Every structure is written in structure tokens, then in C-alpha cells.
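Biologist: I have a model open and would like to learn how to read it. Could you walk me through it, one feature at a time?

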Amino acid sequence: MPLGEDVKQALREIIKAVEFKSQGGKNKRFICTLFMEMPDKEIPNYYDMIPHPRSVNMVKHKLEEDKYDDPMQLYEDLSLVFWNAIYYNEEESVIAKDASKLKLLLDDKWNKDSTLPPLRSDSPPPTSAQKMHAPAKPRDRAAKKKESTPFMSATAPRMLMAPPQGVAGPSSYSRRRIHDIDGDVDISGISDAEDHASLDRDPESEQIVSRLEKGLPKWPGFTDQGWWEGDFSQVRLEQIVHVIKSFKDIVGNKLSIPLDAVPEEPVIPYLASNVPVSLKSIDTKTRAGEYTTTREFDLDFGRLFDKAKKFHGQYSDAYGGVMLLQRLYNALTSSEPPSGPPYSSTTNFASLAAGPGNVKPVFGQMEGDPMAGVTSHRVIVKDRTFVDELHYKGWTLRLADWVHLANPDDPSQPIVAQIFRLWVNEERSKKGQQGITVSWYYRPSQTFHPASRPFYQNEVFKTSHFAEHPLEDLLEKIAVQFTARHVRGRPRAPYWWPGFPLYVCDSRYNDREKVFVRIKNWASCIPEEVRKNPDWMPIYPFERAIYPVRLGSPFLKPGGPNKPPGGLLDLPGMEGADHFGSAWGQVAEDTYTPTGRDGPLRKRTKRNQGMGDVAGPTKGAFVGSGGSLVQHQQSQQPYYSGTHYQSSSTVQPAQFTVPSATTSTPGPSRMVDRSITGNLGNWSDAKMDILKLPNELTRHFDRDPDTGEMLWFSTPPVNTPKPHIHHPKYSMEYLHFMATKESKKRKAAEEAQTQATDFKRPPRLSMKEDTRQKIPLTVVEVLQQMEAEQSVQMDVSL
């Protein structure tokens with residue numbers, strides 16, 4: 001089925017933006033010029049290395065000939081133009097840099113266009129050279145090593161990656177059944193470790209998800225309850241519109257610009273209302289006195305904020321501006337509006353002093369700390385009357401609902417939370433105030449983690465933080481699925497509607513010890529009242545299991561978080577891990593973790609065995625792609641925004657267990673295994689303790705520029721052959737071809753110059769020559785000249 005005219009026009013605009021992207025000042029150039037046509041057939045090895053060459057003109061021709069049935073097909077072809085250039089050329093070459101800029105421009109324009117489907121991954125498409133020439137998978141390497149070393153044990157690392165379809169794991173692993181939500185679920189047993197090796201979903205999986213979501217019921221829209229019922233005042237409505245239109249942030253940026261960019265017509269997908277609405281139309285209706293009740297005014301603003309969030313998409317600056325204005329609007333229409341104008345707030349008008357990542361851990365808070373007491377480890381029941389449901393601005397809130405709440409630190413990343421209680425305040429000073437008690441979920445950018453840790457797309461983490469929020473903090477309803485159900489389908493209505501934000505949770509996060517723990521009993525994460533309810537949050541099932549996309553740390557992404565509350569951990573034993581696929585290991589049966597930064601050790605039992613989500617100083621991790629599983633305790637010193645965290649300097653002996661050795665096939669992003677056990681060849685009979693060196697000693701040693709690990713060896717390095725890493729470079733044939741081509745150009749230019757007519761220019765006059773016509777002297781001038789000559793002669797005679 002050919003594309004609609006509106007979609008084709010949107011695609012033409014994107015291609016035009018890419019085609020006319022320029023760089024430079026007066027001598028600007030269009031950086032897309034080299035990508036308009038297919039590369040020369042005479043370029044050596046190009047068509048051998050690039051399986052699917054593409055050009056911009058080819059994509060334009062196919063679009064006009066109606067060769068595309070899906071916009072994503074055009075996106076794949078157009079992105080291949082730049083992925084091919086990035087793969088074939090040197091990383092520091094001008095062509096590769098230009099290709100990277102155009103690829104970022106393509107993704108940015110695509111995500112901002114509401115008529116096009118959203119992008120699900122930043123990784124190269126399956127038909128790219130990056131994917132087709134990828135190094136051998138860890139499963140193949142492990143199998144080869146197992147054949148060459150039959151005397152080694154068969155323990156293999158587990159990896160938390162999305163499984164390539166049609167690949168079955170070895171029979172040595174036992175597949176565990178997925179139980180219901182009230183059972184003891186271990187998501188690491190859904191599929192084998194080797195099945196989790198891809199970073200992107202295959203096209204068939206994308207189609208399965210797309211078909212299911214397109215067939216789901218649409219959101220019916222806001223309800224009739226919970227709207228602003230204050231005293232109607234025309235002046236008050238005009239003041240609110242003026243504040244929303246003119247409000248600026250601390251830098252001076254006008255935050256209503258994202259609202260002005262929203263089209264008035266309902267052309268954005270997943271909108272429940274077909275009523276045209278925009279900031280300009282609300283302003284016009286307010287000035288004309290068309291609103292007769294505050295409810296009508298409130299409803300139009302609710303539709304506007306919903307449309308703006310869907311128009312701009314999550315995580316953008318415009319999205320954050322919309323969230324901030326929505327929270328300001330909630331404050332202005334509350335029973336106790338803020339003082340102003342002008343209106344200002346150090347917490348972006350949120351009710352709490354700090355958000356996820358910036359609050360102190362619930363255990364170990366110090367009195368007098370301004371960030372202490374924001375959250376607690378339990379639900380507060382004092383002076384609270386609990387109710388079954390609340391209504392606020394068209395939303396109906398019930399127990400166990402997930403919501404977006406205003407984040408005082410970063411409006412573009414609203415707080416992900418689940419409701420544990422709904423209440424009416426009975427305190428004398430806050431009598432009648434309605435609110436919710438929620439459990440916070442952290443985003444990856446709000447955690448401390450190793451650089452090698454991968455994350456699911458839209459992944460969040462259960463925490464022990466409980467916080468009380470007034471209803472004015474509510475921005476919208478969302479949904480969070482635990483992994484066991486997320487891979488099998490999408491939530492049924494009314495728990496989730498297409499177009500609503502949807503997150504996936506796989507682990508808990510301990511912000512005190514900065515570790516992740518895989519959730520095995522999902523029932524412990526939700527309110528007790530719904531744990532045994534079989535009808536709570538059912539799903540529309542997929543045709544088969546579909547695993548989420550895996551992404552790297554947000555701190556490694558260009559243009560990542562500016563000032564996030566989290567950061568990267570520098571863990572020993574993680575040297576060989578790349579950014580998107582480190583080999584996460586199993587924890588030993590009995591492990592020891594500190595109860596505090598300076599506290600004693602406590603024993604952890606088998607409940608951590610087989611845990612695939614391993615990070616932090618108290619967890620075991622494989623070194624490289626099959627190194628030793630080392631249980632260690634180390635000094636953590638992440639640094640962010642002037643805050644220095646330092647753990648205990650007490651030296652503790654460490655234990656380790658060595659799994660089967662595997663041959664690591666180096667790749668472009670693979671680092672060298674510099675660990676002691678790696679240099680020993682992963683010798684399972686080695687007896688050693690790994691001690692933590694104090695900072696006073698380590699500062700005298702050099703560090704690895706890639707991993708930041710201290711470079712120290714007790715003996716000279718082992719003479720091992722350096723791995724050959726293949727990088728696409730210019731071959732001698734290509735250089736000879738370019739030199740010959742340049743020589744031909746010079747000869748042709750010289751021949752054209754000799755054949756040209758030699759036009760002789762007239763000789764130029766010297767600047768000393770006076771070409772002006774001389775005019776005869778007058779009588780007076782002649783007499784004056786004669787007198788002068790006579791006076792000179794008289795002087796000489798005297």
C-alpha cells in the first residue's frame with residue numbers, strides 16, 4: 001500500500017533538510033554533496049565491504065516512484081547512506097564526520113515529525129555493514145574454546161541481551177517457567193544466556209509489536225471529574241494565560257515556544273479529542289469571553305498539554321518545558337496559588353525539595369541535611385484518611401496506578417512512581433488537602449553504574465524510596481511492566497493506552513550501596529492489596545516473546561544528560577567490557593556485602609545465585625569476555641557536581657571463583673584484559689587474595705587511558721601476540737586509483753591551458769610616468785620664474 005500524501009510530504013521535508021545541510025561561514029559547503037550519488041564503481045573494495053550501497057538520490061527516486069510501503073523502509077535506506085560511509089572511511093576523516101552529522105540530523109528531524117512512526121533504536125539496521133561484518137558472537141567463541149579445552153568446566157557467563165530470533169541455547173541450561181505476578185519469577189531463566197546477545201530487535205519483532213499496538217483500543221480521553229471548580233473570574237483566566245505565555249526560565253528562554261509550535265488541528269497520533277486547540281486559540285477565546293466556567297478553561301489546557309507532550313516526545317528540551325509549564329499551571333489553578341507575579345521557584349514548582357538521585361538514601365540520613373526527610377522507607381499513616389480513588393484534572397487515580405510526577409531537578413525527566421496510598425490530609429494546617437504516597441522508580445541516568453552496563457530501552461528500577469505528593473504534582477498517568485510480562489505483551493486498558501509512556505522494570509536499585517539486584521519475586525514490588533488479584537494489569541499477548549532493545553549507558557551517549565544525579569562507577573574487573581555487551585556473570589552461592597560504607601560484612605544466601613543483573617562493588621563480574629569471576633570490594637569515588645563520595649578504606653580479603661575460560665575475539669570496542677587472573681590464563685588452581693590499595697598509593701601510578709584502571713604489574717608482562725583488529729582503511733589500490741585520477745586531472749588542465757589563446761595585455765605605465773597633458777605657463781608665472789632665476793644668480797655672484 002503506497003504512503004499517504006501527508007507522510008510523503010513529511011519525508012520530502014526530511015530529505016530536503018539533510019540535502020541542504022551546510023557548514024562554514026562565507027565559504028560554506030553542503031556536506032551532503034558526496035552522498036547524493038552512488039560511489040564510483042572503480043573504487044577498490046568498496047562494493048565488497050559494503051553489502052547494500054545507497055545514495056540520497058536513490059532514496060528520493062524510490063519515494064517518488066512509490067516504492068516504499070512503510071516510512072521505516074525509507075529511514076533504513078537513508079540511514080544506510082551514512083552508516084556505510086561511517087564504516088568504510090576512517091573515523092577521523094571528513095567524510096565519516098559529515099556522515100555522523102547528517103545521521104544525527106536525520107534522527108532529530110524524524111523524531112520531531114508527528115506524522116512519522118517513532119524510532120526505536122539508534123543502532124545500525126540489520127542490512128548494514130556494521131551488523132553483517134560484526135565479530136563472532138560470544139556463543140560461537142565459547143563453543144570453539146570448549147572444543148579446544150575439554151578439561152575446563154562448562155560454566156558460561158550469562159548475558160542480559162535481547163535474544164536473536166530462531167537461535168536456541170544449548171541443552172546444558174535449564175529453562176525455567178514464567179509464573180504469574182504473585183509467583184517467584186526469575187527473569188534470568190526466561191531464556192538462556194546465549195540467547196541474549198543482540199542489541200536490537202529484528203524487523204519481524206518490530207512488526208509484531210506494531211501490529212498489536214495498532215489494534216488496541218484508543219484512549220477515550222479525560223473524564224468529567226477533577227477539573228478546576230474555583231470561582232469564575234475573567235480577569236483571573238486572562239492572568240493565567242499571560243503567565244503561561246510569558247514565563248521564562250532562569251536563562252531567559254521563553255518556555256511557551258514549544259506550546260506555540262503545536263498545531264491547532266488534531267493531526268498528532270493517539271489523541272482522544274478531535275477538538276482543535278492551541279495556545280493561541282485559548283488566548284483568543286479567553287479575550288473574547290467565550291469561557292463561561294473554569295472547567296471549560298481547564299479542559300482546554302489539559303488537552304493542550306497532552307497534545308504538546310505527544311508532539312515533542314519524551315526526553316527533549318521542549319518536552320521538559322511543557323512539563324514545567326504544566327506544573328506551573330497546576331499551581332496557578334490550585335486552592336493556594338504561588339505568590340506573584342513574577343513567579344519563580346527553586347524546585348521548578350514541584351512540592352518536594354529534591355528528586356530521584358539527589359535525595360539521600362532512606363537508611364543513614366543525617367539530621368539537618370536539607371535533602372534528608374524528602375522520602376522515607378515506609379508509608380506514613382499519621383493524620384491521613386485513606387480513600388480508594390481520587391480525581392484530578394480528568395485523571396482517575398487508584399491504588400497501584402503508575403504516574404508521572406513533577407521532578408524538582410529536571411522537568412524533562414518526570415518522576416516515575418507507583419501509587420501505594422491515596423489520602424486526604426487531616427493535619428490542622430493542611431486540612432482537606434488530597435495527595436498520594438508513591439514508590440519511586442529510578443531511571444538509568446539517576447543511578448551509579450559501570451560504563452559497560454547495558455539497559456533496556458525505557459528501563460526503570462524499583463527503589464526503597466516512598467514519598468508523599470500533593471495532587472498538583474501529577475502530570476499524567478503511565479504504565480510500568482515487569483520484564484516477565486513485558487516480553488509477552490502489552491497492558492490491557494485501562495492500565496495502559498497506546499501513546500502513553502511505557503517503561504520496563506527488571507531490577508531493584510540500592511542507592512546506598514550503588515548496586516542492582518534482579519527482581520525474582522515481583523509480588524514484593526507492588527501494593528499488597530493487588531498482589532493476589534488475578535485481574536490486575538492483564539496483557540494483550542504477542543505472537544511470541546519480544547525482548548526490549550538494549551542500549552548503553554546514557555552517560556556514554558553523545559549529547560547525554562547535562563547534569564544528571566547519577567554517574568559512572570570505575571570498577572576493577574570490568575576492563576574488558578565494551579559499552580553494549582559486557583559479560584555479566586553469576587554471583588557465587590555465598591557472597592558478602594557491606595551493610596554500610598564503613599559497616600561490617602553480612603552474608604547473602606542463595607537468593608542471589610544466578611543473578612544476571614550484576615553491578616557494583618559487592619557483585620561478581622566477568623573480566624572481559626570470559627575472564628575470572630571475582631568477588632571484590634573496592635573504594636568507590638564517583639565524582640559529580642562537586643560532590644565527593646568515598647567509601648571505607650578498610651582492606652578486606654576477597655574471594656573469587658573461576659568459570660570456564662573462553663577465547664576473547666577482539667573487536668573495535670574490545671579492551672585488553674589486564675587483570676591478574678587474566679594474565680594467569682584464568683588458572684582455576686590459583687590461590688590469591690585481591691586487596692584494595694589506598695588512594696595515597698595508587699596516585700603514584702599511571703592509569704589506563706581507556707578504563708582508568710591503575711597500571712601495575714608484579715612481574716614483566718607476558719609476551720602474548722597482539723590481537724589483529726581490522727579497521728576499514730584506505731588500501732594501496734585505492735590510493736593508487738586516487739593518485740592516477742588526480743594526475744589525469746592535472747594533465748587535462750595543462751593541455752587546456754596550452755590550447756587557449758594567449759591574449760596580450762597592453763603594457764602598464766609606470767607610476768612614475770606622468771601621462772597628463774602639459775599646459776603652457778601664464779605671463780605672471782613666467783615673470784615670477786625669471787625673477788627667481790635672477791635672484792639665484794645674484795646670490796651666487798656674491
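Modeller: Sure. Let's start with what counts as an element: helices (H or I, at least four residues) and strands (E, at least two) are DSSP runs, numbered from the N terminus. One caution before we go on: this is a predicted model.

Biologist: With that rule, how many helices and strands does the protein chain have?

Modeller: The secondary structure comes to 18 helices and 24 strands. Of the 798 residues in the protein chain, 45% count as buried. Among contacts between residues at least 6 apart in sequence, 71% join residues at least 24 apart.

Biologist: Next, the cores. Which residues touch the most other members of the largest nonpolar core?

Modeller: The general idea is that in soluble globular proteins, nonpolar side chains tend to be buried together. Here the largest nonpolar core has 61 residues, and those touching the most other members are Leu397, Trp402, Val403, Leu405, Ile436, Trp440 and Phe482. Take Ile436: beyond its neighbours within four places in sequence, its contacts include Leu390, Leu397, Val403, Trp423 and Leu471. There is also a second, separate core of 30 residues, with Ile240, Phe301, Leu325 and Tyr329 among them.

Biologist: Trp423 was in that contact list. Where does Trp423 sit?

Modeller: Trp423 belongs to strand E7 (residues 415-425). The residue is buried, with a relative accessible area of 3%. Gln434 is 11 residues away from Trp423 in sequence, yet their C-alpha atoms are 5.9 Å apart. Not counting residues up to four places away, Trp423 also touches, among others, Arg384, Phe386, Ile436 and His469.

Biologist: On to helices. How do I read which side faces inward?

Modeller: An α-helix has 3.6 residues a turn, so residues three or four places apart point the same way. Try helix H9 (residues 234-246): its 13 residues reach 18 Å from first C-alpha to last, close to the 18 Å expected at 1.5 Å a residue. Its buried residues are Leu237, Ile240, Val241, Val243 and Ile244. Down the axis of H9 they fall within an arc of 160°, so they line one face of the helix. The face turned away from that buried side carries the exposed Val235 and His242.

Biologist: And what covers the buried residues of H9?

Modeller: The cover includes helix H10 (257-260), helix H11 (279-287), helix H12 (294-312) and helix H13 (317-332). Now look at helix H8 (residues 203-214), which has 12 residues. Ser205, Glu206, Ile208, Val209, Leu212 and Glu213 are buried in H8. Seen down its axis, the buried residues of H8 fall within an arc of 160°, so they too line one face. They pack against strand E13 (489-491) and strand E16 (539-541).

Biologist: What about the aromatic rings? How many pairs turn up in the whole structure?

Modeller: A pair of aromatic rings is described by the distance of the centres and the angle of the planes. A search of the whole structure gives 30 pairs. In one of them, Tyr442 and Tyr509 have ring centres 5.9 Å apart and planes at 40°, so the pair is tilted. Tyr442 is in strand E8 (residues 434-442) and Tyr509 in strand E14 (residues 502-510), so to speak a link between distant parts of the chain, 67 residues apart. Both count as buried, Tyr442 at 1% relative accessibility and Tyr509 at 5%. Elsewhere, Trp228, Tyr291, Phe297, Phe301, Phe305 and Tyr329 form one aromatic cluster.

Biologist: Which charged residues sit over a ring?

Modeller: Two cases to look at. The charged end of Arg453 sits over the ring of Phe516, 4.2 Å from its centre. Arg550 lies over the face of Tyr456, at 3.9 Å from the ring centre.

Biologist: Last topic: the backbone. What should I look for?

Modeller: Most residues other than glycine have a negative phi, and most peptide bonds are trans. Now the exceptions. A cis peptide bond joins Ala493 and Pro494, with omega about 5°, and Pro494 is in the loop between E13 and E14. Tyr270 has a positive phi, near 65°; this residue lies in the loop between H10 and H11.

Biologist: Is Met537 buried or exposed?

Modeller: Met537 is buried, with a relative accessible area of 7%. Its phi is positive too, near 50°, and its place is the loop between strand E15 (515-518) and E16.

Terms used. Residues are numbered from 1 along each chain as its sequence is written. This is a predicted model: local features need pLDDT of at least 70, side-chain atom pairs count only at pLDDT 80 or more; totals for chains, interfaces and linings use all residues. Side-chain values use heavy atoms; hydrogens and water are left out. A nonpolar core is a set of buried Ala, Val, Leu, Ile, Met, Phe, Trp, Tyr and Cys residues joined through side-chain atoms within 4.5 Å. Buried means under 20% relative accessible area, exposed over 50%, partly exposed in between (1.4 Å probe, protein chains only). Contact means heavy atoms within 4.5 Å. The expected span of a helix is 1.5 Å times one less than its number of residues. The arc is that of the directions from the helix axis to the C-beta atoms. Rings of Phe, Tyr and Trp (its six-membered ring) pair if their centres lie within 6.5 Å; planes under 30 degrees apart count as stacked, over 60 as edge-to-face and the rest as tilted. A charge sits over a ring if NZ of Lys or CZ of Arg is within 6 Å of the ring centre and within 35 degrees of the ring normal.
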